[in-house]
Amino acid sequence: LVWFLCGGVVGFFGLAGISASLAELYPKEAVCGFLGLLLGTFPSLWTDAGKEGRSKKGYLSLGFGFLCMLGILLNVGQSGAVRMAPSAGGYVLCGVLWGLSFLVPGLSASSLIMFLGLYAPMLKGIGMGDLSVLLPLGGGGITCVFLLGNLIAKGFRKRYEVLSHGVLGTVIATAVSFLPDVRIFTIPWGLLGFAVSYLLTVWGNKRTGKT
């Protein structure tokens, strides 16, 4: 936990301000870079999801996860009905989503937070050390981890194939939902993001002994 928290603090406070500035100054490039980072994890996620085999129920779960997530993201992105104004409640929700992304391998909270319209103000608040952002964000994340950690761990032990393929479906849907924002001039950012994410994943797998 100590090393995990140290890494989290460095990542959040060290990169939040930079990420917020990039997202504000170069929104299309930032989205394409995020898409590349997301796609770079896909080969590893696909391998991990199939380590206990792939059966019909795994593919059905993948399709179900894809359709559910794509429906949610397209509805929120196009209608804007679920967009939230920055508030303590909104940041608690962001914390819960971050907590879920820590617990569920491959699940991306960033995409949902982006579609809710809270990503940029959240990053600015983190970079500035704003307690009105940090406290509800941390509270939501910690509460989620401690309340759902054991439940999710048991679920993956008993239904690994179904749950891991369902998460993989949500990752694919997230990538598809960002495609309308991709432009020719932003593709290099996506390729850079993919390379960084893929190489980091390969390096991490070697460090942990995965093939």
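Visitor: What should the 16 residues of helix α5 (residues 88–103) span, and how far apart are its end C-alpha atoms?

Guide: The expected span of a helix is 1.5 Å times one less than its number of residues. For helix α5 that gives 22 Å, and the end C-alpha atoms are 23 Å apart, which agrees. This is a predicted model, in which local features need pLDDT of at least 70, side-chain atom pairs count only at pLDDT 80 or more, and totals for chains, interfaces and linings use all residues. Residues are numbered from 1 along each chain as its sequence is written, and side-chain values use heavy atoms, with hydrogens and water left out.

Visitor: How many helices and strands are there in the protein chain?

Guide: Helices (H or I, at least four residues) and strands (E, at least two) are DSSP runs, numbered from the N terminus. The protein chain has ten helices and zero strands.

Visitor: Which residues of α5 are buried?

Guide: Buried means under 20% relative accessible area, exposed over 50%, and partly exposed in between (1.4 Å probe, protein chains only). In α5, the buried residues are Gly90, Tyr91, Cys94, Gly95, Leu97, Trp98, Gly99 and Ser101. Of the 211 residues in the protein chain, 36% are buried.

Visitor: Is Leu25 of helix α1 buried or exposed?

Guide: Leu25 lies in helix α1 and is exposed, because its relative accessible area is 59%.

Visitor: Where is Arg157 placed, and why does Arg157 count as exposed?

Guide: Arg157 belongs to helix α8. Arg157 counts as exposed because its relative accessibility is 61%.
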